[in-house]
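User: I should like to understand how the terms used to describe a protein model are justified. Could you take me through them one at a time?

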Amino acid sequence: MNRAEGSEYPLFQKLTPRLEDVLEYWTARGTTFKKHGGAIYGDHCPKCYPEHSLVRTVLPSPREALVRQLGKAGLLTLDRLIELCNDQRDDVKQAAARLAATKAAEENTISDLLARVDPGELPDHILCEIVALPTDTESGYTVAQRLRHTASASLMHFPLVFKTVSDQADSV
Amino acid sequence: MIKRIPYEALRSAKDDLVSLLHSNCAHVKEVIMSALARGGWIDPIEAKALARGALRGDDPGVRDRALETLRTLGGRQE
């Protein structure tokens with residue numbers, strides 16, 4: 001288990017409200033990168049990799065774990081989570097988007113959030129997290145349809161999986 | 001505090017999700033079109049009708065997603 005997720009420990013529960021200060025500290029501090037010196041605020045060194053480089057070394061930072069823990073503790077508002085969806089680090093963006101979608105579902109405010117998608121007020125990845133929210137399995141979709149969806153989702157990266165799962169779907 | 005996510009959350013926002021198929025942003029339309037195939041929040045018959053309607057759209061990316069959705073929802077049961 002990740003230590004940052006050890007919310008059952010009383011000491012951790014006591015310290016959780018202070019994690020917002022820790023998050024602010026690491027946001028201002030950035031990650032130290034010795035090779036080129038100075039602080040890096042994004043997830044990679046811009047001097048080592050071009051802007052749209054597909055392969056790059058992600059520099060470590062505790063910010064994603066802090067955001068996750070604060071979100072689970074209910075200490076981040078929806079607006080704050082949306083703000084974090086525009087963070088410089090991809091892992092923070094992803095965690096914030098997932099938490100924002102979950103929070104909107106819990107508070108029954110998904111429609112309010114969706115109304116902000118079209119005017120461009122919300123980052124696209126929040127929408128991806130919203131449509132990935134768990135749903136009732138008794139929804140009228142057949143097992144074959146679900147298998148095909150799994151196959152289709154994996155088509156881009158794993159063509160063999162697509163063929164295998166698709167064949168299974170046809171035989172159901 | 002971890003709460004259980006209500007399963008009906010997406011279903012209650014169905015109309016808002018479907019209305020995003022008329023978005024000005026092609027990527028938004030693609031996301032919703034792919035979500036039709038996942039189900040759980042929309043009736044499969046309605047999802048198929050929406051995907052069929054998108055096959056004649058202007059955006060090739062959305063058409064691709066519509067085709068994938070129809071392929072997912074198709075099969076021997078139909």
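**Terms and their grounds**

Analyst: Of the 172 residues of chain A, 31% count as buried. Please bear in mind that this is a predicted model. Chain A has nine helices and two strands, and along the sequence these follow the pattern α-α-β-β-α-α-α-α-α-α-α.

User: What makes Ile126(A) count as buried?

Analyst: A residue is called buried if 20 or more other C-beta atoms lie within 10 Å of its own. Ile126(A) has 22 C-beta neighbours inside 10 Å, and therefore it counts as buried. This residue lies in helix 7 of chain A.

User: Which residues does Ile126(A) touch, leaving aside those up to four places away in sequence?

Analyst: Ile126(A) touches Cys85(A), Ala97(A), Ala100(A), Ala101(A) and Leu113(A). In addition, the C-alpha atoms of Ile126(A) and Ala96(A) are 8.5 Å apart in space, while the two residues are 30 apart in sequence.

User: Why are helix 3 and helix 5 of chain A called roughly parallel?

Analyst: The axes of helix 3 (residues 63–72) and helix 5 (residues 90–106) of chain A come within 8 Å and cross at roughly 10 degrees. Angles under 35 degrees count as roughly parallel, so helix 3 of chain A is roughly parallel to helix 5 of chain A. On the side of helix 3 of chain A, the contact is made by Arg63(A), Glu64(A), Val67(A), Arg68(A) and Gly71(A). Helix 5 of chain A contributes Asp91(A), Val92(A), Ala95(A), Ala96(A) and Leu99(A). By class, the residues of this contact are five nonpolar, one polar and four charged.

User: How do you know how helix 7 of chain A is oriented relative to helix 3 of chain B?

Analyst: The axes of helix 7 (residues 124–131) of chain A and helix 3 (residues 26–38) of chain B come within 10 Å and cross at roughly 10 degrees. Set against the limit of 35 degrees, that angle means these two helices are therefore roughly parallel to each other. Chain A takes part in the contact through Asp124(A), Leu127(A), Cys128(A) and Val131(A) of helix 7. Chain B does so through His27(B), Val28(B), Val31(B), Ala35(B) and Arg38(B) of helix 3. The contact has six nonpolar, one polar and two charged residues.

User: What does chain B consist of?

Analyst: Chain B has five helices and zero strands. Of its 78 residues, 40% count as buried.

User: Why can one say that the buried residues of helix 4 of chain B line one face of the helix?

Analyst: The buried residues of helix 4 (residues 44–54) of chain B are Ala47(B), Lys48(B), Ala51(B) and Ala54(B). Viewed down the axis of helix 4 of chain B, they fall within an arc of 125 degrees, so they line one face. An α-helix has 3.6 residues a turn, so residues three or four places apart point the same way. What covers the buried residues of helix 4 of chain B includes helix 3 and helix 5 (60–73) of chain B. The face turned away from the buried side carries the exposed residues Ile45(B), Ala49(B), Arg52(B) and Gly53(B).

User: How many of the residues of chain B score at least 70 in pLDDT?

Analyst: In chain B, 86% of the residues score at least 70, and the average pLDDT is 86. Within this chain, confidence is highest in helix 2 (residues 14–19), at 94, and lowest in helix 1 (residues 9–12), at a mean of 86. The model scores ipTM 0.84 and pTM 0.74.

Conventions. Residues numbered from 1 in each chain as written. Chains lettered and ligands numbered in written order. Predicted model: local features only at pLDDT ≥ 70, side-chain atom pairs only at ≥ 80, totals over all residues. Axes fitted to C-alpha atoms, helices over the stretch in contact; angles between N-to-C directions. Helix = DSSP H or I, 4+ residues; strand = E, 2+ residues; numbered from the N terminus. Parallel < 35°, antiparallel > 145°, perpendicular 65-115°, else oblique. Contact = placed C-beta atoms within 7 Å. Nonpolar A, V, L, I, M, F, W, Y, C, P; charged D, E, K, R; others polar. Buried ≥ 20, exposed ≤ 12 C-beta atoms within 10 Å, placed from the backbone. Arc of directions from axis to C-beta. pLDDT = per-residue confidence, 0-100.
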